[in-house]
Amino acid sequence: KSRARAIADGLEPELSVVVDVMYPMASLTDAVGAFRSEFPHTPLRLYVEALGAVMQPVLAQACRLGISGSMPSVPDLLDAEKLLDVPMVTVAAPSHALASHTGIIRARDLVDHVQLVLTDRTTLTEGATFGVFSPQIWRLADLGAKHAFLRAGFGWGHMPMAMVQADLDAGALVRLQIEAFQPHTPPIAMFAVYRKDTPPGPAGRWFLKRLKGAGIDN
């Protein structure tokens with residue numbers, strides 16, 4: 001009965017959210033745990049995707065909310081709200097040839113080395129590249145695979161700092177200082193996106209506020 005009353009008052013019967021794979025998982029799990037306590041009768045469906053695969057389910061109304069950071073622009077059908085910045089770092093394995101460079105790595109020194117790049121599962125970013133500096137590219141649709149390939153020394157690439165901090169501390173990965181990204185690799189700005197004709201309800205708005213608050217610690 002309480003759930004029926006809440007739905008009658010405008011509360012979503014369920015909340016479906018697709019989250020950019022670059023979003024810090026510690027902040028996401030904190031928000032999800034708090035949501036479960038605050039809205040125990042509102043099921044949460046959560047998907048983790050990258051690039052256009054975050055936007056597509058929101059556009060198709062398969063998800064009410066998207067948390068996107070890998071797309072350079074937002075389609076006209078969607079509204080966007082800034083949530084937080086995700087610190088990024090450019091890395092390679094200590095065995096990689098680029099790891100032996102001291103100081104700034106010039107653009108010409110990158111072209112002979114494979115860059116590991118996260119690719120889109122959709123056609124929304126077809127033909128577009130983000131932060132790519134080498135003509136030799138291995139495209140991976142999974143950030144976990146990219147992480148493993150970096151650790152194995154198969155190439156170099158950009159990663160969320162939170163995901164590789166333990167590797168940097170342990171020496172399993174090393175930071176690269178590349179010429180194009182000085183003084184440091186730029187962060188990725190995370191935005192909440194939703195269709196203009198179906199803005200978030202009370203549960204969705206609460207969830208976004210919680211995610212926005214996570215930016216204080218990042």
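## Sheets, helices and three loop residues

Colleague: How many bridges join strand β1 to strand β2?

Modeller: β1 covers residues 15-20, β2 covers residues 44-49, and the two run parallel. Helices (H or I, at least four residues) and strands (E, at least two) are DSSP runs, numbered from the N terminus. Two strands count as paired if DSSP finds at least two bridges between them. For β1 and β2, the number of bridges is six.

Colleague: Before we go on, what kind of model is this?

Modeller: Residues are numbered from 1 along each chain as its sequence is written, and side-chain values use heavy atoms, with hydrogens and water left out. Local features need pLDDT of at least 70, side-chain atom pairs count only at pLDDT 80 or more, and totals for chains, interfaces and linings use all residues, as the model is predicted.

Colleague: Which residue of β2 is the bridge partner of valine 17, and what is the hand of the β-α-β crossover?

Modeller: In β2, valine 17 has leucine 46 as its bridge partner. From β1 the chain passes through helix α2 (residues 25-38) to reach β2. The hand is called right if, with the strands pointing away from the viewer, the path from the first strand over the helix to the second runs clockwise. This crossover is right-handed.

Colleague: Which strands are at the edges of the five-stranded open sheet?

Modeller: The order is β2-β1-β3-β10-β4, and the pairing is mixed. An edge strand pairs on one side only, and here these are β2 and β4 (78-86).

Colleague: Which residue in β10 stands opposite serine 68?

Modeller: Strand β3 (residues 65-68) pairs with strand β10 (residues 188-195). Three bridges link them, in the antiparallel sense. Opposite serine 68 in β10 is phenylalanine 191.

Colleague: At what angle does α2 run to β2?

Modeller: α2 lies across β1 and β2; contact here means heavy atoms within 4.5 Å. Axes are lines fitted to C-alpha atoms, for helices over the stretch in contact, and angles run from 0 to 180 degrees between N-to-C directions. Between α2 and β2 the angle is about 170 degrees.

Colleague: Why are the buried residues of α2 on the same side, and what arc do they cover?

Modeller: Buried means under 20% relative accessible area, exposed over 50%, partly exposed in between (1.4 Å probe, protein chains only). Ser27, Leu28, Ala31, Val32, Ala34 and Phe35 are buried in α2. Their directions from the helix axis to the C-beta atoms define the arc. They are on the same side of α2 because they cover an arc of only 170 degrees.

Colleague: Which exposed residues are on the face of α2 turned away from its buried side?

Modeller: This face is the one opposed to the buried side of α2. Its exposed residues are Ala26, Thr29, Arg36 and Ser37.

Colleague: In the three-stranded open sheet, which residue of β8 is the bridge partner of threonine 90?

Modeller: The strand order is β8-β5-β9, with antiparallel pairing. The edges are β8 (157-160) and β9 (174-175). Strand β5 (residues 88-92) is joined to β8 by four bridges. Threonine 90 has as its partner in β8 histidine 158.

Colleague: Which strands does helix α6 touch as it packs on that sheet?

Modeller: α6 covers residues 161-170, and its direction makes about 105 degrees with that of β8. The strands it touches are β5, β8 and β9.

Colleague: Is aspartate 167 buried or exposed?

Modeller: Aspartate 167 is in helix α6. Not counting residues up to four places away in sequence, aspartate 167 touches His147, Arg151, Ala172 and Leu173. Its relative accessibility is 9%, so aspartate 167 counts as buried.

Colleague: What arc do the buried residues of α5 fall within?

Modeller: In α5 the buried residues are Leu143, Lys146, His147 and Leu150. They line one face of the helix, because seen down the axis of α5 they fall within an arc of 100 degrees.

Colleague: How far apart in space are threonine 198 and glutamine 61?

Modeller: Threonine 198 is in the loop between β10 and α7 (202-214), while glutamine 61 is in the loop between α3 (52-59) and β3. Leaving aside neighbours within four places in sequence, threonine 198 is in contact with Gln61 and Arg64. Threonine 198 and glutamine 61 are 137 residues apart in sequence, yet C-alpha to C-alpha they are apart by 8.7 Å.

Colleague: What is phi of glutamine 61?

Modeller: Most residues other than glycine have a negative phi. Glutamine 61 has a positive value, near 65 degrees.

Colleague: Which residues does the cis peptide bond join?

Modeller: Omega of this bond is about 10 degrees. Proline 183 lies in the loop between β9 and β10. The cis bond joins glutamine 182 and proline 183.
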